[in-house]
Amino acid sequence: MSKGKRIREVLTSENPDAIIYDGMDDALIGVYRGISDGQVGTYEEEAIAVYSYVKYIEIYIKRDGMSEEEAVEFFDYNVDGVYIGKFQPIVIDDTGV
């Protein structure tokens with residue numbers, strides 16, 4: 001079983017409401033366990049998907065035939081530029097910049 005599939009299993013068992021992107025298991029790199037609801041002193045422990053930015057872009061390039069520029073633009077607009085809920089995944093900028 002791939003690392004992404006194992007992470008997906010953990011996420012779905014620990015937090016059935018966690019948002020997991022279809023077709024992006026190869027970009028899954030971990031689980032974050034903690035959310036603040038924005039109020040001082042309030043904290044919940046919930047599992048959230050953590051993705052690699054670099055792997056995300058690589059998937060768009062290899063799977064979808066995008067250029068790097070197209071992949072970055074697509075990611076910025078369709079993934080990074082939207083709010084989809086409390087359990088929205090985190091994408092780590094692992095470009096080294």
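This briefing describes the fold, the aromatic ring pairs and one buried residue of a single protein chain. The model is predicted. The protein chain contains 3 helices and 3 strands, and these follow one another along the sequence in the pattern α-β-β-α-α-β. Several tyrosine and phenylalanine rings join into a cluster through ring pairs.

**Overall fold and surface**

- Of the 97 residues in the protein chain, 34% count as buried.
- The exposed surface of the protein chain is about 6200 Å², and carbon and sulfur atoms supply 50% of that area.
- When contacts between residues at least 6 apart in sequence are considered, 49% of them join residues at least 24 apart.

**Aromatic ring pairs**

- The count of aromatic pairs comes to 7.
- In one of these pairs, the ring centres of Y21 and Y56 are 6.1 Å apart and the ring planes stand at 80°, so the pair is edge-to-face; the cut-off for that class is an angle over 60 degrees.
- This pair links distant parts of the chain, since Y21 lies in the loop between α1 (3-14) and β1 (28-35), whereas Y56 belongs to helix α2 (residues 53-64), 35 residues apart.
- Y21 and Y56 are both buried.
- Y56 also pairs with F75: their ring centres are 5.2 Å apart and their planes are at 70°, so this pair is edge-to-face as well.
- The pair of Y56 and F75 again links distant parts of the chain, with Y56 in helix α2 and F75 in helix α3 (residues 68-80), 19 residues apart.
- F75 is buried, as is Y56.
- The cluster formed by ring pairs consists of Y21, Y51, Y53, Y56, Y60, F74 and F75.

**The surroundings of Q88**

- Q88 is located in the loop between α3 and β3 (90-92).
- The relative accessible area of Q88 is 18%; because buried means under 20% relative accessible area, Q88 is classed as buried.
- A polar atom of the Q88 side chain lies 3.1 Å from the backbone oxygen of V82.
- Apart from neighbours within four places in sequence, Q88 is in contact with I19, Y21, I48, V79, V82 and Y83.
- Y21 therefore appears in two parts of this account: Y21 is in the ring pair with Y56, and Y21 is among the residues in contact with Q88.

Definitions and conventions: Residues are numbered from 1 along each chain as its sequence is written. Side-chain values use heavy atoms; hydrogens and water are left out. Rings of Phe, Tyr and Trp (its six-membered ring) pair if their centres lie within 6.5 Å; planes under 30 degrees apart count as stacked, over 60 as edge-to-face and the rest as tilted. Helices (H or I, at least four residues) and strands (E, at least two) are DSSP runs, numbered from the N terminus. Buried means under 20% relative accessible area, exposed over 50%, partly exposed in between (1.4 Å probe, protein chains only). Contact means heavy atoms within 4.5 Å. Accessible areas come from the Shrake-Rupley method with a 1.4 Å probe; for residues, only the protein chains shown count as cover. A polar contact is a pair of N or O atoms within 3.5 Å; within protein, one must be able to donate a hydrogen and the other to accept it, and residues adjacent in sequence count only if both atoms are side-chain atoms.
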